[in-house]
Amino acid sequence: MAGPVSAQQQAVAVVSPESGPVGSTFALSWSGVYLDPDCSDYAVQILWDARQVVGSGRHSGRGRGSGTGTVPAGASVGAHRVTARPVCAASAYPTDGFTVTGTPVTTTTTTAAVTTTTTAPPLVTTTTTAVTTTTSATSTTTTTTTAPVTTTDSPPPTGATTTPFDGDGALTLDRDNIQPGDPLTATGTGCEPGSVVSLSSLGEDVGTAKADGAGTFSARVEFATIQPGRHVVRADCGVVLVGSVDVALTSSTGGTTSTLVVLVFFLLVGAVLVRRQFAGVFGGRARGDHAQGDHAPEDHA
């Protein structure tokens with residue numbers, strides 16, 4: 001079974017930093033990504049969760065490149081996927097993870113002053129022989145109480161879901177090389193679920209299919225014209241997948257040589273038979289003439 005083009009080198013993407021709040025920026029670098037030989041545009045889009053373009057970069061050659069992106073507004077707290085997707089057809093679309101953190105919350109606490117006033121009970125003065133006056137000092141106590149404040153980040157809504165996406169799509173052909181008339185089947189992964197898949201080679205349509213709910217498909221590849229050499233097969237299904245197959249023409253030299261040998265053999269056998277027939281005819285005549293000469297009548301004159 002032929003391997004996909006992406007098998008030339010494993011595609012890897014690295015995001016830095018790996019986490020941050022909404023609106024923060026990050027850098028994305030990749031390696032092991034090879035563009036179509038006919039590509040002239042080295043621009044690369046940076047996708048958020050395989051749907052939203054949040055940045056751009058450039059492919060620098062030798063399978064490498066880099067770019068920057070921004071965490072989009074409205075991104076939920078938690079794990080997300082960041083993917084490098086070249087504008088031209090590529091061997092792979094590498095992906096790395098990014099975690100969105102909550103926005104820091106500043107809490108201001110105001111403490112109300114509590115004043116407690118204690119009033120002394122009235123004093124009773126008893127006079128006997130002398131008058132005694134007692135004065136009680138009233139003390140005022142001020143107590144300040146600070147209530148504890150607890151701040152908790154709210155978890156994301158229970159109903160919110162993130163659709164998983166695998167950026168490492170690939171196109172696989174079941175044969176490395178074929179001859180005219182041989183069947184060829186293409187199998188692909190990483191397409192948009194339910195999308196129509198168009199297969200083409202050298203500008204001609206060679207097959208169609210429809211991706212299932214997991215983004216995979218399988219289709220028969222039929223070339224309209226057969227030319228010897230390597231044929232690049234492209235599958236367009238929301239993303240572009242690329243594979244290749246070698247086409248070889250059957251040589252007829254062996255059949256011609258065998259026929260010539262058989263023909264020469266029969267000619268030689270025929271010549272031997274004809275020679276024996278002629279040798280038998282002329283040899284019989286010579287023996288007959290010799291026998292007549294031995295029995296000729298004598299001349300008694």
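A residue is called buried at under 20% relative accessible area, exposed at over 50%, and partly exposed in between, with a 1.4 Å probe and protein chains only. By that rule, 28% of the 301 residues of the protein count as buried. The model is a predicted one, in which local features need pLDDT of at least 70 and side-chain atom pairs count only at pLDDT 80 or more, while totals for chains, interfaces and linings use all residues. Residues are numbered from 1 along each chain as its sequence is written, and side-chain values use heavy atoms, with hydrogens and water left out.

**Overall make-up**

- The protein has one helix and 18 strands; helices (H or I, at least four residues) and strands (E, at least two) are DSSP runs, numbered from the N terminus.
- A contact means heavy atoms within 4.5 Å. Of the contacts between residues at least 6 apart in sequence, 57% join residues at least 24 apart.
- About 19800 Å² of the protein is exposed, and carbon and sulfur atoms supply 55% of that area. Accessible areas come from the Shrake-Rupley method with a 1.4 Å probe, and for residues only the protein chains shown count as cover.

**A five-stranded sheet**

- Five strands make up an open sheet of mixed pairing, in the order S12-S18-S17-S14-S15. Two strands pair if DSSP finds at least two bridges between them.
- Its edges are strand S12 (177-178) and strand S15 (204-210), each of which pairs on one side only.
- Strands S17 (residues 229-236) and S18 (residues 240-247) are antiparallel partners, joined over eight bridges. In this pair, His231 stands opposite Val245 in S18.

**Core and the residues around S14**

- The largest nonpolar core holds 45 residues, and those with the most contacts inside it are Phe26, Trp48, Val197, Leu199 and Phe217. A nonpolar core is a set of buried Ala, Val, Leu, Ile, Met, Phe, Trp, Tyr and Cys residues joined through side-chain atoms within 4.5 Å.
- Neighbours within four places in sequence aside, Val197 is in contact with residues including Cys191, Gly207, Thr208, Phe217, Ala235 and Asp236.
- Ser195 sits in the loop between strand S13 (185-189) and strand S14 (196-201). Ser195 counts as buried because its relative accessibility is 15%.
- With residues up to four places away in sequence not counted, Ser195 touches Ala209, Lys210, Ala211 and Cys237. These four residues are also among the contacts of Val197.

**Salt bridges**

- The whole structure contains three salt bridges; the term means a side-chain nitrogen of Lys or Arg within 4 Å of a carboxyl oxygen of Asp or Glu.
- One of them joins Arg234 to Asp36, with the closest N and O atoms 2.6 Å apart. This pair links distant parts of the chain, since Arg234 is in strand S17 and Asp36 is in the loop between strand S3 (25-31) and strand S4 (43-48), 198 residues apart.
- Arg234 is partly exposed at 24% relative accessibility, whereas Asp36 is buried at 10% relative accessible area.
- Arg234 also forms a salt bridge with Asp38, where the closest N and O atoms are 3.6 Å apart. Asp38 lies in the loop between S3 and S4 and Arg234 in strand S17, so this pair ties together parts 196 residues apart in sequence. Asp38 counts as exposed, at 65% relative accessibility.
- Asp246 and Arg230 meet through their side chains in a salt bridge of 3.0 Å, N to O. Asp246 is in strand S18 and Arg230 in strand S17, so the pair ties together parts 16 residues apart in sequence.
- Asp246 is partly exposed at 29% relative accessibility, and Arg230 is exposed at 60%.
- Asp36, Asp38 and Arg234 belong to one network, joined by salt bridges that share partners.

**Backbone details**

- The peptide bond between Ser16 and Pro17 is cis, with omega about -5°. Pro17 is placed in the loop between strand S1 (12-16) and strand S2 (19-20).
- Asp49 is not a glycine, yet its phi is positive, at about 55°. Asp49 lies in the loop between S4 and strand S5 (52-61) and is buried, with a relative accessible area of 11%.
- Ala50, also a residue other than glycine, has a positive phi near 65°. Ala50 is in the loop between S4 and S5, and its relative accessible area of 14% makes it buried.
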